[in-house]
Structures are given as C-alpha cells and as structure tokens.
Amino acid sequence: MEITVRRAEPYDSLPPGVAHKLPAALLEGKRRDGAILLAYVRGQPVGWLVHNLLWARVPFIELLHVEPALQRLGVAAAMLATLEDQLRAQGRALLFSSAQDDNPAALAWHLELGFEEAGVLDGVNPGVVGEVFFRKAL
Ligand SMILES: CC(C)(COP(=O)(O)OP(=O)(O)OC[C@H]1O[C@@H](n2cnc3c(N)ncnc32)[C@H](O)[C@@H]1OP(=O)(O)O)[C@@H](O)C(=O)NCCC(=O)NCCS
C-alpha cells in the first residue's frame, strides 16, 4: 500500500476530523504555516498530523489521527518520518509529543516509534486522565 505524505496546501480539502479539533481561524493559520501534514492512500486523505513549536523553539506534535479503517498500516509512522525529516533539515535535535494515559494505542505507538516518556501532566484533561509527554532525539 502506497502512503504519500505532504504539507496541507490552501487548496486541499481537509478530513472532517481536523475541523472538529481546531477552530477554523486556527486551522487556516496552521495550514499557512505548513504545520499540517496529510497522509494519502489511493488519493484520499486518511491521516493528519498537526505540529507546532512550544515556547517558539521546541517541536511538538499537537494532534495526530489516522482513519480507523487504515490504522496499523504505517500511516502515522509515515507522517512522523516526514516531520522528522523536515525538522532535521531545520537543524532541530528533539521532538516532543503527548498522549492521554487512557489511550493505550497512542502510548504504544509513541514507544514503538522511538519516543521515551518525559513526564506526566495532571489537570489538563477532564476527569483524572493524565497527559503523558514523550521525547525523541532526532
Ligand atoms: C495512534 C494512531 C495515530 C496510530 O496510527 P497508525 O497509523 O495506526 O499507527 P502505525 O501504523 O504507524 O503504527 C506503528 C506501530 O505503533 C504501534 N501501534 C499502533 N497502534 C497500536 C495499537 N492500537 N495497539 C498497540 N500498538 C499500536 C504498533 O507497534 C504499530 O506497528 P504494528 O502495526 O506493525 O504492530 C491511531 O491509532 C489513531 O489515529 N488513533 C486515534 C486518535 C489518537 O489516539 N491519536 C493520538 C493522540 S496522541
């Protein structure tokens, strides 16, 4: 299965899930900044990754999603590889990410893809769900 990953351009229609997660104004800003990666399979957008710079200097994966029917086929790994290439080309040495501690798939994905745990933040999610942070050297 061929997976193509590229930055979302202004003319791209985005998968509905992205719009649910980000308000329109923020979404357009992200797209303009080249901070949204889209993964395509057979011409259809099936995954998206939104990134930013924490404190204007630390790369961070803000949102990551792959359509359920196409999970476990390397789509998220392909988006991560593209992001890592972009960051290395910019001279960046570290990438951070996070996942809720009640999301075993996301936790396993990070560890499988070479991230290591970097601490847990309490109080940012509803209920008693912690946010596990991850760090990866590039
Ligand atoms: C987490 C998520 C993005 C992973 O996307 P994906 O394209 O399915 O992941 P990949 O195919 O790149 O997975 C690579 C490896 O990560 C691990 N992994 C991924 N999903 C897993 C799961 N559900 N359970 C256990 N391990 C998993 C596996 O080791 C997998 O390799 P394998 O399939 O050969 O065993 C996807 O499950 C998703 O969109 N979930 C819903 C949204 C979400 O939770 N986003 C993350 C918030 S941080």
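A residue counts as exposed if 12 or fewer other C-beta atoms lie within 10 Å of its own, and as buried if 20 or more do so. This criterion is applied below to a predicted model of a protein chain with a bound ligand. Trp55 has 6 C-beta neighbours inside 10 Å and therefore counts as exposed. The residue is located in the loop between S3 and S4, and its phi is positive, at about 50 degrees, although Trp55 is not a glycine. Ala56 occupies a place in the loop between S3 and S4 as well. Its phi is also positive, at about 60 degrees, and Ala56 is likewise not a glycine. With 6 C-beta neighbours inside 10 Å, Ala56 falls under the cut-off of 12 and is therefore classed as exposed. Most residues other than glycine have a negative phi.

The overall fold may be described next. The protein chain contains four helices and seven strands, arranged along the sequence in the pattern β-α-α-β-β-β-α-β-α-β-β. For 138 residues, a compact globule would have a radius of gyration near 14 Å, and the 15 Å computed for the protein chain agrees with this expectation. The C-alpha trace spans about 40 × 35 × 30 Å along its principal axes. Buried residues make up 24% of the 138 residues. Of the contacts between residues at least 6 apart in sequence, 53% join residues at least 24 apart.

Strand pairing was examined for S1, S2 and S3. Strand S1, comprising residues 3-7, pairs with strand S2, comprising residues 36-41, in the antiparallel sense over five bridges. Within this pairing, Val5 has Ala39 of S2 as its bridge partner. S2 also pairs in the antiparallel sense with strand S3, residues 44-54, in this case over six bridges. Here Leu38 has Trp48 of S3 as its bridge partner. The hairpin of S2 and S3 has two residues between the strands, and Arg42 in this hairpin takes a positive phi near 50 degrees.

Helix H3 covers residues 75-89. At 1.5 Å a residue, its 15 residues should span 21 Å; the end C-alpha atoms lie 22 Å apart, and the two values therefore agree. The buried residues of H3 are Val75, Ala76, Ala78, Met79, Leu80 and Leu83. These buried residues pack against four strands, S1, S2, S3 and S4, and against helix H4. After H3 comes Gly91, for which phi is positive, near 85 degrees.

The surroundings of the ligand comprise 17 residues, the closest being Gln71, Ala76, Ala77, Ala105 and Ala108. Ala76 is also one of the buried residues of H3. Strand S4 (58-66), helix H3 and helix H4 (104-112) each supply at least two residues of the shell. The largest contribution is that of H4, with five residues. By residue class, the shell divides into eleven nonpolar, four polar and two charged residues. H3 thus both supplies residues to the shell around the ligand and packs, through its buried residues, against H4 and S4.

Note on methods: Residues are numbered from 1 along each chain as its sequence is written. This is a predicted model: local features need pLDDT of at least 70, side-chain atom pairs count only at pLDDT 80 or more; totals for chains, interfaces and linings use all residues. A residue is near a molecule or strand if its C-beta atom, placed from the backbone, lies within 6 Å of it. Ala, Val, Leu, Ile, Met, Phe, Trp, Tyr, Cys and Pro count as nonpolar, Asp, Glu, Lys and Arg as charged, and the others, Gly among them, as polar. Two strands pair if DSSP finds at least two bridges between them. The expected span of a helix is 1.5 Å times one less than its number of residues. Two residues are in contact if their C-beta atoms, placed from the backbone, lie within 7 Å. The radius of gyration is taken over C-alpha atoms; the globule rule is 2.2 Å times the number of residues to the power 0.38.
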